[in-house]
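Me: I'd like to learn how to read a model like this one. Can you take me through it, feature by feature?

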Amino acid sequence: MEIKLSTVHPKYYKTDALVLLLTEDKTKGKKDWPAKLPKGVLDVIKKGDFSGKQDEVFVVYSEDYKAKRIILVGLGKESELNLERVRRATYLALEKVRSL
């Protein structure tokens, strides 16, 4: 497994898995999201399949991004966000990637 950080817009970055960490607050009715997130991600949020709750993990296959898979990981409420939650979410994302 190779992990890279990049300044390339994620829409154009070809990879096996792209990880997005999202809080519960960010999954509730944001009107500016269509320009920021892949359509597949927006669909699962709108349908309620992913809500951003802490430790929630969901895999999306999106045709409008070059990434083969987009792994969504919930961080919980933004007001309760801390370094430990980000660390745990990163761990969960890596575990999911390994299992694919």
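Reply: Sure. Keep in mind that this is a predicted model. Let's begin with burial: buried residues make up 33% of the 100 residues in the chain.

Me: What order do the elements come in from the N terminus on?

Reply: Read them off along the chain: β-α-β-β-α. That gives two helices and three strands.

Me: And how much area does the chain expose?

Reply: About 6800 Å², with carbon and sulfur atoms supplying 51% of it.

Me: What share of the contacts with a separation of 6 or more comes from residues 24 or more positions apart?

Reply: That share is 57% in this chain. For one pair to look at, take L22 and E78: they sit 56 residues apart along the chain, and their C-alpha atoms are separated by 9.0 Å.

Me: Where is L22 found, and is it buried or exposed?

Reply: L22 belongs to strand 1, residues 17-22. As for burial, the cut-off is under 20% relative accessible area. L22 has 9%, so it counts as buried.

Me: Now a charged one. Where does E56 lie?

Reply: Look at the loop between helix 1 (39-46) and strand 2 (57-60). E56 is buried there, yet it has no salt bridge. A salt bridge needs the nitrogen and the carboxyl oxygen within 4 Å, while the nearest side chain of opposite charge, K53, is 6.8 Å from E56.

Me: Which residues is E56 in contact with, leaving aside its neighbours within four places in sequence?

Reply: E56 touches D49, F50 and S51, and also L72, V73 and G74.

Note on methods:
Residues numbered from 1 in each chain as written. Predicted model: local features only at pLDDT ≥ 70, side-chain atom pairs only at ≥ 80, totals over all residues. Heavy atoms only, no water. Helix = DSSP H or I, 4+ residues; strand = E, 2+ residues; numbered from the N terminus. Buried < 20%, exposed > 50% of the residue type's maximum accessible area, 1.4 Å probe, protein only. Contact = heavy atoms within 4.5 Å. Areas by Shrake-Rupley, 256 points an atom, 1.4 Å probe, with all protein chains shown as cover. Lys, Arg positive; Asp, Glu negative; His and termini not counted.
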